[in-house]
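New to this one? Take a quick look at the structure first, then come back for the short tour.

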Amino acid sequence: MKFFVDTAEIDDIKDLAATGMVDGVTTNPSLIMKSGRDIIEVTKEICSIVDGPVSAEVAATEADAMIAEGRKLAEIADNIAVKVPLNWDGLKACKTLSGEGKMVNVTLCFSANQALLAAKAGATFISPFIGRLDDINLDGMDLIAEIRQIYDNYHFQTEILAASIRTVNHVKDCALVGADVGTMPPDVIRKLADHVLTAKGLDAFMKDWAKTGQNILS
Ligand code: G3P
């Protein structure tokens with residue numbers, strides 16, 4: 001499963017990219033707002049740090065304007081994935097932009113039928129929002145599993161990019177049901193390596209090692 005980091009914070013992206021675990025980045029208008037940066041400038045900087053796909057979202061609400069914005073965003077770097085919302089305007093924009101060879105990420109997906117439409121429109125990525133479904137007492141993971149089955153039934157190449165991930169258990173469950181990508185807030189990625197028994201075991205090993213008086217390098 002590929003890991004994308006869901007942020008526009010440069011320090012977090014640099015820190016996590018250094019682990020070798022970051023395969024891409026996703027941003028959205030809320031994350032750009034939180035960063036306080038200009039969308040073009042910050043997206044360009046992100047693309048210089050990460051080689052994989054960097055999603056940059058259009059802000060227009062009508063297909064032709066989305067297409068114009070998408071073309072401008074795609075000029076920032078070769079690894080831009082233009083992000084469009086899952087409505088009819090976004091689907092039309094997806095069809096046009098993907099037809100031009102651009103990567104397109106169709107976002108705000110909350111149903112299997114929406115995901116089917118995005119695949120038919122040539123989306124590179126579909127972004128189902130797990131956490132926001134859980135928030136309203138639905139099961140976000142069921143949606144990922146449904147989309148996996150539908151895409152496999154018809155051999156769609158669109159990658160399932162699980163979004164709105166809030167917990168490490170979301171990550172594990174996405175991997176179990178076969179999401180292609182998970183986009184995660186920086187702290188969720190950091191927590192993936194944590195285990196209380198790892199910390200406890202390492203502490204015990206280090207205490208015993210100190211008693212040997214040895215040094216592996218000398
Ligand atoms: O990638 C979409 C993601 O940023 C949404 O997450 O936590 O705002 O639902 P959240």
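What follows is a quick briefing on the ligand's surroundings and on the cysteines. Keep in mind that this is a predicted model. Its ligand sits in the largest pocket, and there are zero disulfides in the structure.

**Around the ligand**
- The ligand's neighbours are Asp6, Asn28, Phe129, Arg132, Ala163, Ser164, Arg166 and Thr183.
- Sorted by class, that shell comes to two nonpolar, three polar and three charged residues.

**Polar contacts with the ligand**
- Asp6 puts a polar side-chain atom 2.5 Å from an oxygen atom of the ligand.
- Ser164 also has a polar side-chain atom by a ligand oxygen, at 2.6 Å.
- For Asn28, an N or O atom of the side chain is 3.1 Å from an oxygen atom of the ligand.
- As for cover, the ligand on its own exposes 310 Å², and the protein buries 81% of that.

**The cysteines**
- A disulfide is a covalent bond between the sulfur atoms of two cysteines, and this structure holds zero of them.
- Why does Cys47 not form a bond with Cys94? The sulfur of Cys94 is the closest cysteine sulfur to that of Cys47, but it is 19 Å away, which is too far for a bond.
- Cys47 is buried, as its relative accessible area is 10%.
- Cys174 has its closest cysteine sulfur in Cys109, and the 13 Å between the two sulfurs is too far for a bond.
- Cys174 is buried too, with a relative accessible area of 0%.

Note on methods
Residues are numbered from 1 along each chain as its sequence is written. This is a predicted model: local features need pLDDT of at least 70, side-chain atom pairs count only at pLDDT 80 or more; totals for chains, interfaces and linings use all residues. Side-chain values use heavy atoms; hydrogens and water are left out. A residue is near a molecule or strand if one of its heavy atoms lies within 4 Å of it. A polar contact is a pair of N or O atoms within 3.5 Å; within protein, one must be able to donate a hydrogen and the other to accept it, and residues adjacent in sequence count only if both atoms are side-chain atoms. Accessible areas come from the Shrake-Rupley method with a 1.4 Å probe; for residues, only the protein chains shown count as cover. On a 1 Å grid over the protein atoms alone, a cavity is a set of points where a 1.4 Å probe fits but cannot get out, and a pocket is an open set with protein on both sides within 12 Å along at least five of seven lines; lining residues have an atom within 4 Å of a point. A molecule sits in a cavity or pocket if more than half of its atoms lie within 2 Å of its grid points. Ala, Val, Leu, Ile, Met, Phe, Trp, Tyr, Cys and Pro count as nonpolar, Asp, Glu, Lys and Arg as charged, and the others, Gly among them, as polar. A disulfide is a pair of cysteine sulfur atoms within 2.5 Å. Buried means under 20% relative accessible area, exposed over 50%, partly exposed in between (1.4 Å probe, protein chains only).
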